[in-house]
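Let's walk through this one side chain by side chain, starting at the surface and then turning to rings, cysteines and charges. Keep the viewer open as you read.

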Amino acid sequence: MSRAGRVPARKETTGCRKRESVFTVNAYAATSATEPLAPTTIERRDLGPDDVAIDIKFSGICHSDIHTARSEWGPTTYPIVVGHEIAGVVREVGSAVTKFAVGDRVGVGCMVDSCRECDNCRKGLEQYCLKGNIGTYGGVGRDGEPTQGGYAQAIVVTEDFVLRIPDGIELDAAAPLLCAGITTYSPLRHWNAGPGRRVAVIGLGGLGHMAVKLAHAMGAEVTVLSQSLKKREDGLRLGADHYHATSDEATFTDLAGSFDLIVNTVSAAIDLDAYLGLLAVDGTLVNVGAPEDPLSVRAFSLIPARRSFAGSMIGGIAETQEMLDFCAEHGLGAEIEVIPAEKINEAYERVLASDVRYRFVIDASTF
């Protein structure tokens, strides 16, 4: 396979209709856990009656992409095209599509389908589909083909998993909202961030900076808990009321029992017991970062103040649309650095070194 390996698409039969790719697009793929991503081509499936074909304009780089490309969350089937922060424009719609038209500004997030029949799906919680949602990459679609993500020129997605991007958000700044935005919006909404609520955000990175913006827009009192004070000016500009360094032991003494909600956005091991001590009675620490190694919690970090330790994924499709509309209403978008495709591997290393403020976005015209 040339140019890092062409990602093939096989012909399959679904019901009475054959599914076969009809257009080829440029992309960037990972071919192993240790090799850099490189240019390739992939074939997108034919347009079914309920499908929307999207010309991708921008694709965000999420830490999840790196974990997957490097098989850090379990075995990855290669070659794989990652990317689940996708913003673009509709190029074609299927005959039964009613929600979108050619030229619409749209996005695709972390999933492209689910069973749509289980209790969770019927409640609009497709991210918690009991049969497992179909990831934008690394999954298997209903046509039996492996799903390939947004580091590409175009994608085909069933209309029920396409989001409308409001005119109030630029497409490049909107792309990271499809993961970083909804990953932080969902727990903030679920645990009632708003006026009178004290919210702390651990880490001011790709997820953390959106958590700060969103919590501030919701009316909460927002505190950033970061290793150092080097991003303090940024944190306050983004909407934080307070900023504290966790490398200073006094932080955990001075802020003990202070917060109703703590959102942990870092994908590294932290001393959860120390952070749980910062919660007020009935407070919750919710993990949205996903480190490779297990986390441990002492029971007595929870029991004395009826504290909770929770986790949260992305949101369902309806909630993701709600988030996009909220961001447009409040003038919110991600803080981004737009890069050409040839700099993806460099960007990965910079993400790992925390050298980005605050999300890399790939210009899809450079694939």
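M313 is partly exposed, with a relative accessible area of 39%. In this predicted model, you'll find M313 in the loop that runs between β17 (308-311) and α9 (317-330). M313 has company out there: together with L125 and Y128 it makes a nonpolar surface patch of about 240 Å².

Now for the rings. The count of aromatic pairs comes to 3. One of them is Y28 with F367, a tilted pair with 6.1 Å centre to centre and 50° between the planes. Y28 belongs to strand β3 (residues 23-29), while F367 sits in the segment after β19 (359-363), so this pair ties together parts that are 339 residues apart in sequence. Are these two residues, Y28 and F367, buried or exposed? Both are buried. While you're looking at rings, check F23 as well: R91 lies over the face of F23, at 4.6 Å from the ring centre.

Next, the cysteines. How many disulfides does the count come to? It comes to 0. Take C118: it is in no disulfide, and the nearest cysteine sulfur, that of C121, is 3.7 Å away. A disulfide would need the two sulfur atoms within 2.5 Å. C118 counts as buried, at 10% relative accessibility. C179 tells a similar story, because its sulfur is 3.7 Å from the closest cysteine sulfur, in C110, and that is too far for a bond. C179 also counts as buried, at 5% relative accessibility.

That leaves the charges. Side chains of opposite charge can pair when their charged atoms come close. Here the count comes to 22 salt bridges, and a few are worth a stop.

Start with R164 and D104, a salt bridge whose closest N and O atoms are 3.3 Å apart. This pair links distant parts of the chain: R164 is in strand β11 (residues 163-164) and D104 is in the loop between β6 (86-93) and β7 (105-108), 60 residues apart. As for its surroundings, R164 is partly exposed, with a relative accessible area of 35%.

Then move to D160, which forms a salt bridge with R116, the closest N and O atoms being 2.7 Å apart. Both partners sit in loops: D160 in the one between β10 (154-158) and β11, R116 in the one between β8 (111-113) and α2 (119-122), so the pair ties together parts that are 44 residues apart in sequence. D160 counts as partly exposed at 30% relative accessibility, and R116 is partly exposed too, with a relative accessible area of 32%. Which residues are linked in a network of salt bridges with D160 and R116? They are K99, D113 and R142.

One last bridge: R237 with E335, where the closest N and O atoms are 3.4 Å apart. Again the pair links distant parts of the chain, with R237 in helix α6 (residues 232-238) and E335 in the loop between α9 and β18 (336-339), 98 residues apart. E335 counts as partly exposed, at 21% relative accessibility. That α9 is the helix after the loop holding M313, which brings us back to where the tour began.

How values were computed. Residues numbered from 1 in each chain as written. Predicted model: local features only at pLDDT ≥ 70, side-chain atom pairs only at ≥ 80, totals over all residues. Heavy atoms only, no water. Patch = residues over 30% accessible without salt bridge, like charges linked within 9 Å, V, L, I, M, F, W, Y side chains within 5 Å. Areas by Shrake-Rupley, 256 points an atom, 1.4 Å probe, with all protein chains shown as cover. Salt bridge = Lys/Arg side-chain N within 4 Å of Asp/Glu carboxyl O. Helix = DSSP H or I, 4+ residues; strand = E, 2+ residues; numbered from the N terminus. Buried < 20%, exposed > 50% of the residue type's maximum accessible area, 1.4 Å probe, protein only. Phe/Tyr/Trp six-rings, centres within 6.5 Å; stacked < 30°, edge-to-face > 60°. Lys NZ or Arg CZ within 6 Å of the ring centre and 35° of its normal.
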